[in-house]
Amino acid sequence: MLEVKNLATGYGCLQVLWEVSLAVSEGEFVALIGGNGAGKTTTLRAIAGLLSPWSGEVNFLGASIAGMPPHLISRGGLSFVTEDLNLFEAMTVRENLMLGAYSRRDGRQTRATLAYVFRLFPILEERQKQLAGTLSGGERRMLAIARGLMSSPRLLLVDEPSLGLAPKMVMAVFEALKELHARGVTLLLVEQNVNHTLQLADKAYVLEHGRIVLHGSSTELLVNTQLKDTYLGKR
Ligand SMILES: Nc1ncnc2c1ncn2[C@@H]1O[C@H](COP(=O)(O)OP(=O)(O)O)[C@@H](O)[C@H]1O
Ligand SMILES: [Mg+2]
């Protein structure tokens with residue numbers, strides 16, 4: 001479904017990624033893990049069209065999307081839940097969700113998708129009339145993910161959903177991702193919470209200083225000593 005080949009990019013004249021290659025198949029839950037500043041967000045931004053690749057390929061559903069503007073990539077079925085969430089604080093939960101379906105004209109379909117995200121995140125249904133700015137940290141993450149689902153994407157990119165959350169809310173967010181995967185949503189998840197992530201993902205790529213240094217199935221990576229020493233021991 002998504003294939004990134006030898007991707008290089010950066011900001012201005014600062015190169016951040018070197019020869020990044022990864023692949024996500026339909027229905028798969030793939031994780032991109034690595035420490036702070038490794039280039040995880042940059043990779044997602046380059047895939048979603050927020051940053052132009054300098055070289056390499058980004059193919060989505062059989063077509064090249066490298067260098068395409070973000071709104072066209074999004075319309076093509078790729079949804080990106082950013083780290084900073086971009087919620088409209090002064091609008092209600094429901095209004096934020098409806099904005100996720102903005103490119104859609106079919107009202108009946110939109111209502112069905114809304115019912116689907118409310119089943120996934122019952123708390124959002126309870127809070128649908130509440131202003132987004134008054135939600136807790138965990139609820140805001142859920143809202144951002146739910147909004148990302150409102151366009152019925154073929155692939156959902158999620159950047160560090162556990163960031164800044166209390167342990168209980170981290171569990172709730174991971175549960176929600178697990179549920180999405182179980183329902184057949186294809187996921188590319190960026191996380192620093194390596195242990196939790198490998199429990200859920202089918203496979204993972206490890207990014208260090210802008211390069212993929214390791215990849216494999218989550219089962220393989222969970223017993224990988226190199227990874228254990230670098231990340232797992234710390235958590
Ligand atoms: N807008 C930007 N301008 C310049 N450098 C940036 C920008 N965003 C990120 N960087 C740099 O790119 C590197 C990778 O950042 P990022 O992709 O955000 O890492 P991660 O998400 O893995 O923590 C870091 O060295 C960071 O300082
Ligand atoms: Mg990041």
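What follows walks through a predicted model, from its domains to its ligand shell and a few individual residues.

Start with the overall layout. The domain assignment splits the chain in two: domain 1 takes in 2–77 + 154–234, and domain 2 takes in 86–152. Domain 1 is thus written as two stretches of chain, with domain 2 falling between them in the numbering. Measuring nothing by hand, just taking the C-alpha atoms, the centres of domain 1 and domain 2 come out 23 Å apart. The two do touch: 12 residues of domain 1 are in contact with 11 residues of domain 2. On the domain 1 side of that contact, helix H2 (70–75), strand S7 (155–159) and helix H7 (167–182) each put in at least two residues. H7 has the largest share there, with 5 residues. By class, this side of domain 1 breaks down into 8 nonpolar, 2 polar and 2 charged residues.

Next, the sheet. Four strands make up an open sheet, in the order S2-S1-S4-S5, and the pairing is antiparallel. S2 and strand S5 (63–64) sit at the edges with a single partner strand each, so one side of each has no neighbour in the sheet. As a reminder, strands of a sheet pair through backbone hydrogen bonds, either parallel or antiparallel. Here, strand S1 (residues 2–11) and S2 are joined in the antiparallel sense by 7 bridges, and one of the residue pairs is Leu2 with Val24 in S2. S1 and S2 form a hairpin with 2 residues between the strands, and in this hairpin Gly12 takes a positive phi near 60°. At the other end of the strand order, strand S4 (residues 55–60) and S5 run antiparallel and are joined by 2 bridges. Asn59 stands opposite Ser64 in S5.

The loop between S4 and S5 holds a backbone oddity, Leu61. Leu61 is not a glycine, yet its phi is positive, at about 50°. With 14 other C-beta atoms within 10 Å, Leu61 is partly exposed. A second leucine does something along these lines: Leu85 has a positive phi of about 65°, again without being a glycine. Leu85 is found in the loop between strand S6 (78–81) and helix H3 (93–100). Leu85 has 18 C-beta neighbours inside 10 Å, so it counts as partly exposed.

Now for the ligand. The residues around ligand 1 are Tyr11, Leu14, Val16, Gly34, Asn36, Gly37, Ala38, Gly39, Lys40, Thr41 and Thr42. Strand S2 (14–24) and helix H1 (40–48) each supply at least two residues of this shell. H1 gives the largest share, 3 residues. Sorted by class, the shell has 4 nonpolar, 6 polar and 1 charged residues. S2 therefore turns up twice in this account, as an edge strand with a single partner and as a contributor to the shell around ligand 1.

Over in domain 2 (86–152), helix H6 (residues 137–149) is worth a look. H6 has 13 residues and spans 19 Å from its first C-alpha to its last, close to the 18 Å expected at 1.5 Å a residue. Of its 13 residues 12 are buried, so H6 is largely enclosed by the rest of the structure. The buried residues of H6 include Arg140, Arg141 and Arg147, along with Glu139. Also buried in H6 are Met142, Leu143, Ile145 and Leu149, among others. The partners that these buried residues pack against are S6, H3, helix H4 (107–120), helix H5 (122–126), S7 and H7.

H4 also carries Tyr116. Tyr116 has 15 C-beta neighbours inside 10 Å and so counts as partly exposed. Tyr116 and Met150 are 34 residues apart in sequence, while their C-alpha atoms lie 9.1 Å apart in space.

Last comes Gln226, placed in helix H10 (residues 225–230). Gln226 has 11 C-beta neighbours inside 10 Å, so it counts as exposed. The C-alpha atoms of Gln226 and Leu214 are 9.3 Å apart, with the two residues separated by 12 residues along the chain.

Conventions:
Residues numbered from 1 in each chain as written. Chains lettered and ligands numbered in written order. Predicted model: local features only at pLDDT ≥ 70, side-chain atom pairs only at ≥ 80, totals over all residues. Near = placed C-beta within 6 Å. Nonpolar A, V, L, I, M, F, W, Y, C, P; charged D, E, K, R; others polar. Domains from an automatic or database assignment. Contact = placed C-beta atoms within 7 Å. Pairing = 2+ DSSP bridges. Buried ≥ 20, exposed ≤ 12 C-beta atoms within 10 Å, placed from the backbone. Expected span 1.5 Å × (residues − 1).
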